[in-house]
Amino acid sequence: MQRLQHLVRPAALAAAFLCLSAASHAALFEDDEARRAILDLRQRVETVRQQSENTTQRLADENGQLRRSLVDLQQQIDNLRGDMARMTGQNEQLTRTLTELQQRQTTIDDRLKQNEPQQVSVDGKDFTADPREKADFEAALGVFRSGQFPQAQAAFADFVKRYPRSGYNPSALFWLGNAQYATRNYAEAVANFRSMLSLAPDHAKAPEAVLSIANCQIELKDTRAARRTLEDLVKAYPQSEAASAARERLSRLR
């Protein structure tokens with residue numbers, strides 16, 4: 001019995017040792033699994049962290065690029081605004097320049113029109129005259145009508161000399177003769193009245209010119225010549241007022 005107990009006790013110890021060894025092995029196995037799980041989890045966390053950092057960096061890069069693009073776009077907008085402002089300024093300047101050119105052109109056109117020949121009508125005669133020519137004639141006539149006969153004589157004589165082919169010449173010669181008659185230059189007056197009649201025998205003032213010749217001849221004491229002149233007037237222009245005056249003077253000359 002004691003021998004049996006002696007044999008069983010070592011066996012029990014061996015069995016207990018085996019159980020403890022198995023349990024220890026199982027515990028070691030579970031620790032390895034836990035460590036692997038922890039390492040795997042750490043790896044996953046690291047992977048997620050790295051991905052997050054990568055994503056954050058990518059977003060930061062994209063955000064920076066976007067900001068640079070916005071800055072470039074704003075610069076382009078500012079440049080366009082500057083260009084538009086310059087173009088607006090240039091357009092305004094061009095508009096002002098165009099307006100000034102149009103005004104100058106209008107002024108030039110007005111001056112050209114002022115210097116262009118004009119259609120005039122004097123003593124029943126229609127003709128074309130330069131503005132300066134018209135102004136000179138009217139100025140001389142104004143001097144005559146003011147009673148300044150010596151000055152009028154000089155003005156009309158100068159006019160005829162300056163404008164030898166003027167349509168005003170018959171009228172200018174008529175008034176020149178009248179100015180000379182008023183200053184008692186009878187012989188010169190007769191010559192200019194006859195020049196006027198030779199130039200325009202159908203002139204509206206032709207009858208008056210013939211009557212004026214007779215008046216000059218009377219002043220020169222050439223009664224015979226005056227009578228012939230008055231008779232010619234009555235024959236040439238029988239319906240004129242000058243012819244009526246000529247008849248009256250003929251009756252006095254007899």
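# Loops, helices and core of a predicted chain

Lysine 221 is found in the loop that joins α6 (206-219) to α7 (223-236). Its phi is near 65 degrees, a positive value in a residue other than glycine. With a relative accessibility of 71%, lysine 221 counts as exposed, because the cut-off for exposed is over 50%. The model described here is a predicted one.

Arginine 184 sits in another loop, the one between α4 (169-182) and α5 (186-199). Here too phi is near 65 degrees, positive in a residue that is not glycine. Arginine 184 has a relative accessible area of 65%, so this residue is exposed as well. A positive phi also occurs at glycine 147, just after α2, where the value is about 85 degrees.

## The chain as a whole

The protein chain contains 8 helices and 2 strands. In sequence order the pattern runs α-β-β-α-α-α-α-α-α-α. The chain has 254 residues, and 25% of them count as buried. About 18,200 Å² of the protein chain is exposed, with carbon and sulfur atoms supplying 54% of that area. Among contacts with a separation of 6 or more in the protein chain, 42% are between residues 24 or more positions apart.

## Helices α2 and α3

The table gives the length of two helices, with the reach from first C-alpha to last and the reach expected at 1.5 Å a residue.

| Helix | Length | Reach | Expected reach |
|---|---|---|---|
| α2 (131-145) | 15 residues | 21 Å | 21 Å |
| α3 (149-162) | 14 residues | 20 Å | 20 Å |

In α2 the reach is close to the expected value, and the reach of α3 is likewise close to the one expected.

The buried residues of α2 are Pro131, Glu133, Asp136, Phe137, Ala140, Leu141 and Phe144. In α3, the buried residues are Ala152, Gln153, Phe156 and Phe159. How do the buried residues of α3 fall when seen down the axis of the helix? They lie within an arc of 130 degrees, so they line one face of α3. An α-helix has 3.6 residues a turn, so residues three or four places apart point the same way. The buried residues of α3 pack against α2, α4 and α5. On the face of α3 turned away from this buried side are the exposed residues Pro150 and Lys161.

## The nonpolar core

The largest nonpolar core has 38 residues. Which of its members touch the most others? They are Phe137, Phe156, Tyr168, Trp175, Phe193 and Leu197. The helix that gives the most to this core is α6, with 7 residues. Two of the core members just named have already appeared above: Phe137 among the buried residues of α2, and Phe156 among those of α3.

Leucine 197 is in contact with Ala206, Ala209, Val210, Ile213 and Tyr237, when its neighbours within four places in sequence are left aside.

Serine 212 lies in α6. With a relative accessible area of 12%, serine 212 is buried, because the limit for buried is under 20%. Apart from neighbours within four places in sequence, serine 212 is in contact with Asn178 and Phe193. Phe193 is one of the core residues that touch the most other members.

## Aromatic pairs

The count of aromatic pairs comes to 11. In one of them, phenylalanine 144 and phenylalanine 149 have ring centres 5.2 Å apart and planes at 70 degrees, so the pair is edge-to-face. The partners differ in cover: phenylalanine 144 counts as buried at 12% relative accessibility, whereas phenylalanine 149 is partly exposed, with a relative accessible area of 27%. Another pair is formed by phenylalanine 159 and tyrosine 168, with ring centres 6.0 Å apart. The planes of these two rings stand at 85 degrees; this angle is over 60 degrees, so the pair is edge-to-face. Both phenylalanine 159 and tyrosine 168 are buried.

Which residues do ring pairs link into a cluster? The cluster consists of Phe127, Phe137, Phe156, Phe159, Tyr163 and Tyr168. Of these, Phe137, Phe156 and Tyr168 are also among the core residues that touch the most other members.

Notes: Residues are numbered from 1 along each chain as its sequence is written. This is a predicted model: local features need pLDDT of at least 70, side-chain atom pairs count only at pLDDT 80 or more; totals for chains, interfaces and linings use all residues. Side-chain values use heavy atoms; hydrogens and water are left out. Helices (H or I, at least four residues) and strands (E, at least two) are DSSP runs, numbered from the N terminus. Buried means under 20% relative accessible area, exposed over 50%, partly exposed in between (1.4 Å probe, protein chains only). A nonpolar core is a set of buried Ala, Val, Leu, Ile, Met, Phe, Trp, Tyr and Cys residues joined through side-chain atoms within 4.5 Å. Contact means heavy atoms within 4.5 Å. Rings of Phe, Tyr and Trp (its six-membered ring) pair if their centres lie within 6.5 Å; planes under 30 degrees apart count as stacked, over 60 as edge-to-face and the rest as tilted. Accessible areas come from the Shrake-Rupley method with a 1.4 Å probe; for residues, only the protein chains shown count as cover. The expected span of a helix is 1.5 Å times one less than its number of residues. The arc is that of the directions from the helix axis to the C-beta atoms.
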